[in-house]
Amino acid sequence: MRILLVRPPRIKQAITLSDFMFSEPLGLEMVYNVLKFQHEVEIFDMMIESKKLSEKAAEYRADVVGFTSLCIDVKKVLELCSQVKKSDSSIITVVGGTQTYLNPNAFCHADVDHIFEYTNSENLNKFYNLLSSGNIELVDGIRSKDLGYKSSNAKGRNEYMLPDRKSTAKYRNQYSYFGYRPAAIMEFGIGCEKVCDFCLRWRIEGVREKLIDSELTKKDLSSIEEQTIMFIDNDFLSSKEKLEAFIKLVKDLKLNKNYIMYGSVKGILEFKDYLKELKQLGLKALLVGYETFSNDEMHKYHKKSSTSDNLEAAKILSNLGIDVWASFMAHPDWGKNDFKTFRKYIKSLMPQITSISPLTPFPNLSMYEKYRNRLLYEANDFEKWSFGQVMIMPSAISLRNYYWELLKTNLYVNLFINKNTEMIKKFGVINILRILAGSLKAVKKYITLMMES
Ligand code: B12
């Protein structure tokens with residue numbers, strides 16, 4: 001069969017970070033690698049391509065068009081499925097990705113033939129064998145329109161498979177992580193034991209961390225040509241065993257690369273000696289969730305660290321010369337004074353880069369019920385659930401004032417906290433201008449939202 005694998009384009013009306021962090025569609029590269037032995041497969045990345053999908057599908061003579069999807073993509077993916085069906089009703093449409101795992105029902109639509117609730121090499125091979133022979137049967141993890149989108153009820157999760165990095169060769173020089181371009185992404189350990197209240201990732205990957213098969217990791221690492229690798233593990237600093245396994249691997253393979261990782265404050269404090277070694281091996285930046293200036297909120301979020309731990313972690317990283325890309329969450333009950341305290345707190349931490357998300361009670365989180373009565377949008381206003389938009393009605397100040405405070409804080413951070421001159425030296429003017437243009441886009445969206453509210 002001829003299979004076209006598609007990443008949908010950026011969603012213009014959503015507030016996204018894609019201008020700062022724009023990585024390869026790793027899931028599609030994995031699917032490609034399973035299917036390429038028996039089928040013709042191509043990846044079409046619409047975040048980069050400008051050609052219309054129906055034109056591409058016709059030119060490629062696609063039998064199947066498969067889409068990956070994140071939360072904000074639902075409507076776009078459905079629209080693209082309809083476009084494909086309209087241009088050629090014999091093309092089979094398939095959808096997979098994070099959002100089909102979290103909300104498969106969102107894709108039950110006349111123009112969607114099959115939904116992969118979860119994906120592994122077994123159900124992929126079984127499904128395509130059936131499809132090639134013209135049969136459709138109930139397969140674990142897959143819901144098909146002709147079977148009333150019924151599920152076999154077998155529980156499963158997405159399998160971390162070996163990706164074929166060459167499948168995105170023509171796009172790879174555009175994939176980046178902040179100032180690092182080109183950059184690849186991969187995962188070393190899957191699952192997260194931190195189970196923070198606001199986080200979706202342990203729900204997607206499970207509450208026990210398991211290192212990915214070392215042979216797979218070795219093969220994958222050796223196939224990456226980019227100088228920079230971003231590890232998407234929820235917390236790279238989760239255990240001594242994990243850190244030792246990674247350090248040994250980098251030394252065995254004699255790798256000489258830049259690494260970017262997510263690291264918890266708890267891990268920074270516990271494994272500072274390993275951080276020193278990681279720095280020597282190429283660790284450039286850690287994405288750290290400092291979250292808030294309030295210990296009460298830290299406690300409610302089930303964070304395993306306090307606001308003074310944050311300060312200590314910041315000191316350790318600064319002494320080691322590891323950049324901090326900090327993330328925070330704005331609580332919907334904050335008033336003017338809280339935002340003031342928040343700005344002061346960010347200043348005391350002095351991260352290299354700061355991002356602030358309004359607390360987002362995603363429909364799969366228990367927090368959703370808690371805030372249900374204060375929600376500003378419906379669960380199926382998919383493009384709003386970007387983790388960048390205010391979703392909960394503020395309680396202490398008006399929505400307009402809340403946006404104003406967010407805007408002020410973002411400007412303050414961009415002008416006085418983010419170390420722009422240092423960044424220009426590190427990444428060059430062009431990269432920093434690209435990133436600043438992304439910031440301006442977000443600021444513009446905040447201003448529009450403020451005026452509308
Ligand atoms: C890398 C990454 C990105 C990349 C791109 C990822 C992509 N797929 O295109 C970038 C940096 C661009 C990105 C952007 C965003 N992201 Co993001 N991202 C991640 C991250 C760190 C890893 C995702 C990943 O690669 N996982 C590994 C791969 C292998 O898993 P996978 O894609 O699910 O693929 C598996 C299956 O789903 C399947 N599959 C995937 N596609 C398909 C297609 C078909 C046809 C089939 C059969 C199977 C299949 O194959 C794989 C088998 O294992 C996750 C956090 C996490 N650890 O999950 C957040 C995450 C997915 N992102 C998230 C969010 C919110 C966003 C943004 C909205 C943030 C923002 N405001 O900017 C934007 C949206 C971009 C846009 N549409 O404009 C949320 C998603 C929530 C949701 N319900 O979807 C997550 C979970 C983080 C979080 N906040 O909790 N992201």
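Helices here are DSSP runs of H or I with at least four residues, numbered from the N terminus. With that in hand, let's walk through this predicted model.

**Stop 1: a patch on the surface**

Select Ile424, Val429, Leu433 and Leu436. Together they make a nonpolar patch on the surface, with about 320 Å² of accessible area. Now colour helix H17, residues 429–452: H17 gives the most to this patch, with 3 residues. Val429 is found in that helix. Is Val429 buried, exposed or partly exposed? Val429 counts as partly exposed because its relative accessibility is 47%, and the partly exposed class lies between 20% and 50%.

**Stop 2: helix H3**

Next, select residues 74–87. This is helix H3, whose 14 residues reach 20 Å from the first C-alpha to the last, close to the 20 Å expected at 1.5 Å a residue. Show the side chains of Val74, Val77, Leu78, Leu80, Cys81, Val84 and Lys85, which are buried. Turn the view to look down the axis of H3: the buried residues fall within an arc of 160°, so they line one face of the helix. To see what covers them, add helix H2 (53–60), strand S4 (64–68), strand S5 (92–96) and helix H4 (98–102), which are among the covering elements.

**Stop 3: a threonine in strand S16**

Move on to Thr354, in strand S16 (residues 353–358). Thr354 is buried, with 10% relative accessible area. Which residues does Thr354 contact, once neighbours within four places in sequence are left aside? They are Ala326, Phe328, Ile346, Val413, Ile417 and Asn418.

**Stop 4: salt bridges**

The structure holds 32 salt bridges. Begin with Arg172 and Glu226, whose closest N and O atoms are 2.7 Å apart. Arg172 sits in the loop between strands S7 (142–144) and S8 (176–177), and Glu226 in the loop between helix H7 (214–223) and strand S12 (228–231), so this pair ties together parts that are 54 residues apart in sequence. Arg172 is buried at 10% relative accessibility, and Glu226 is buried at 8%.

Then pick Asp233 and Lys242, which form a salt bridge at 2.8 Å, N to O; both residues are buried.

Finally, select Glu291 and Lys303, joined by a salt bridge at 3.1 Å, N to O. Glu291 belongs to strand S14 (residues 283–291) and Lys303 to the loop between helices H11 (295–300) and H12 (307–320), so the pair links parts 12 residues apart in sequence. Both Glu291 and Lys303 are buried.

One last selection: Glu24, Glu29, Arg165, Arg172, Asp220 and Glu226 are joined into one network by salt bridges that share partners.

Terms used
Residues numbered from 1 in each chain as written. Predicted model: local features only at pLDDT ≥ 70, side-chain atom pairs only at ≥ 80, totals over all residues. Heavy atoms only, no water. Patch = residues over 30% accessible without salt bridge, like charges linked within 9 Å, V, L, I, M, F, W, Y side chains within 5 Å. Areas by Shrake-Rupley, 256 points an atom, 1.4 Å probe, with all protein chains shown as cover. Salt bridge = Lys/Arg side-chain N within 4 Å of Asp/Glu carboxyl O. Helix = DSSP H or I, 4+ residues; strand = E, 2+ residues; numbered from the N terminus. Buried < 20%, exposed > 50% of the residue type's maximum accessible area, 1.4 Å probe, protein only. Expected span 1.5 Å × (residues − 1). Arc of directions from axis to C-beta. Contact = heavy atoms within 4.5 Å.
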